[in-house]
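Biologist: Could you take me on a close look at one part of this protein, the open sheet and what packs around it? I would love one connected account.

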Amino acid sequence: MASSKDRARKLAREKLDRQLARRAGKQRRRRQIQAGLGAALALVLIVGGVAWLGGAFDDDEPVDTTASDQCAWTPQNTESNPELKDVGEPPTTGLPTAGTRPMTITTDKGAPIVVSLDLASSTCSAASLTYLASKMFYDNTTCHEITAEGAIRCGDPSGTGQGGPSYTVYNENVPVAPPAPAPSASSSPAAPPAAPLYPRGTVALIGNPPGANGSQFLIFFKDFTPKAEPQYPIVGTVTGGMATVTELSKVATVANSAGDKVTPKDKITVKSITVGEPSAGPADVPSADPSASRQS
């Protein structure tokens with residue numbers, strides 16, 4: 001029969017075994033929790049890295065998709081100048097900036113005059129003429145002057161030189177005057193004459209005042225180089241109907257209200273002006289052949 005010491009020793013052993021078992025269970029649970037936390041943290045890091053690579057944390061700045069203006073139109077006061085005609089304004093974007101565009105001027109005298117508009121050098125001037133033609137702005141107007149500079153002045157519905165649309169466009173393609181020749185010894189040969197700034201067949205806008213261009217334009221029927229700074233922006237050249245331009249230049253003139261003998265005695269009527277689609281070719285040079293045929 002077991003003694004009391006043996007029973008006490010057995011009870012102590014059983015108590016120790018229970019304590020060791022509880023301690024081992026706690027350690028297992030702690031390891032499981034730590035493992036779960038580690039796995040969760042790794043998953044968060046992986047997801048966050050993928051999101052970062054995908055730009056999820058980048059600032060979403062708005063992208064400006066608005067096209068920038070190619071031209072600017074300056075509004076004019078139609079109340080202070082009743083000769084102006086309000087037909088709105090041309091678009092400022094989506095304008096062709098290369099190649100040429102045919103403009104056909106039909107008058108009551110001779111064959112139509114065809115002008116090649118220079119879209120590269122005169123983007124806004126060409127856009128303005130195209131817009132006004134689409135509004136039939138020029139229909140049944142007059143060429144009210146044959147200038148002393150050798151040009152026919154057209155495009156003013158009022159026929160006074162003060163008319164135009166309710167906006168203006170700035171100068172784009174004004175030729176640059178050549179530098180004055182340096183003085184030379186009398187024995188030196190004379191320098192060849194410089195090319196005219198406005199060759200025969202040139203079409204240019206004329207502003208009132210200069211630099212504030214509206215609907216009026218000049219068709220030069222002879223070479224012209226101003227003595228002062230040039231002020232007419234070139235918009236194109238005549239490529240067809242130069243014989244008509246020559247015919248118009250021979251119309252007799254009478255004095256206007258200012259006393260200048262520039263008003264055609266026989267009225268020159270512009271029946272219509274139309275503008276065709278752009279083409280990719282370079283701008284044409286003025287035709288030297290007075291019988292140049294019409295181009296469409």
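Modeller: Happy to; what follows starts with the whole chain, moves into the sheet, and then looks at its surroundings.

Please keep in mind that this is a predicted model. The protein has three helices and 15 strands, and of its 296 residues, 36% count as buried. Among contacts between residues at least 6 apart in sequence, 73% join residues at least 24 apart.

Now to the sheet itself. Nine strands make up this open sheet, and their order is β5-β15-β3-β4-β12-β10-β11-β7-β6, with antiparallel pairing. The edge positions belong to β5 (141-142) and β6 (145-146); each has a single partner strand, so one side of each is left without a neighbour in the sheet.

Let us begin at the β5 edge and walk inwards. β5 and β15 are antiparallel and pair over two bridges. In that pairing, Thr142 has Thr269 of β15 as its bridge partner. Thr269 belongs to strand β15, which covers residues 269-275. With a relative accessible area of 16%, Thr269 is buried, because the cut-off for that class is under 20%. Leaving out residues up to four places away in sequence, Thr269 touches Thr106, Thr107, Asp108, Asn140, Thr141 and Thr142.

One step further in, β15 is joined to β3 by five bridges, and the two strands run antiparallel. Here Ile105 stands opposite Ile273 in β15. Next comes the pairing of strand β3 (residues 100-107) with strand β4 (residues 113-118), which is antiparallel and has six bridges. Met103 has Val115 in β4 as its bridge partner.

Several of these residues return when we turn to the packing. The largest nonpolar core has 39 residues, and those with the most contacts inside it are Ile105, Ile113, Val115, Phe217, Ile219 and Ile273. Helix α2 (residues 123-134) gives the most to this core, with seven residues. Apart from the largest core lies another, of 10 residues, with Ala151, Ala204, Ile206 and Phe220 among them.

Phe217 deserves a look of its own. Setting aside residues up to four places away in sequence, Phe217 touches Ile105 and Ile273, the two residues that stand opposite each other across β3 and β15. The other contacts of Phe217 include Tyr138, Ile152, Arg153, Cys154 and Gly155, as well as Val203, Ala204, Leu205 and Ile206.

Back to α2, the helix that contributes seven residues to the largest core. α2 has 12 residues and reaches 17 Å from its first C-alpha to its last, close to the 16 Å expected at 1.5 Å a residue. Of those 12 residues, 11 are buried, so α2 is largely enclosed by the rest of the structure. Among the buried ones are Thr123, Cys124, Ser125 and Ala126, along with Leu129, Tyr131 and Leu132.

The loop between α2 and β5 takes us from the helix back to the edge of the sheet. Met136 is found in this loop and, although not a glycine, has a positive phi of about 55°. Met136 is exposed, with a relative accessible area of 56%. Asn140 is also in the loop between α2 and β5, and has a positive phi of about 60° without being a glycine. At 62% relative accessibility, Asn140 counts as exposed, yet Asn140 is one of the residues that the buried Thr269 touches.

Finally, follow the sheet to β10 and β11, where the largest pocket comes into view. This pocket has a volume of about 230 Å³. Its lining counts 20 residues, and the closest to its centre are Leu84, Gln162, Thr168, Asn208 and Ala212. At least two lining residues each come from β8 (164-165), β9 (167-168), β10 (202-207) and β11 (213-220), and β11 gives the largest share, three residues. Asn208 has one more feature to check on your screen: the peptide bond from Asn208 to Pro209 is cis, with omega near 5°. Pro209 lies in the loop between β10 and β11, two strands that sit next to each other in the sheet order.

Terms used: Residues numbered from 1 in each chain as written. Predicted model: local features only at pLDDT ≥ 70, side-chain atom pairs only at ≥ 80, totals over all residues. Heavy atoms only, no water. Core = buried A, V, L, I, M, F, W, Y, C linked by side-chain atoms within 4.5 Å. Buried < 20%, exposed > 50% of the residue type's maximum accessible area, 1.4 Å probe, protein only. Helix = DSSP H or I, 4+ residues; strand = E, 2+ residues; numbered from the N terminus. Contact = heavy atoms within 4.5 Å. Pairing = 2+ DSSP bridges. Expected span 1.5 Å × (residues − 1). 1 Å grid on protein atoms, 1.4 Å probe; cavity = no way out; pocket = protein on both sides within 12 Å on 5 of 7 lines; lining within 4 Å. Points joined across faces, edges and corners; volume = space filled by probe spheres on them.
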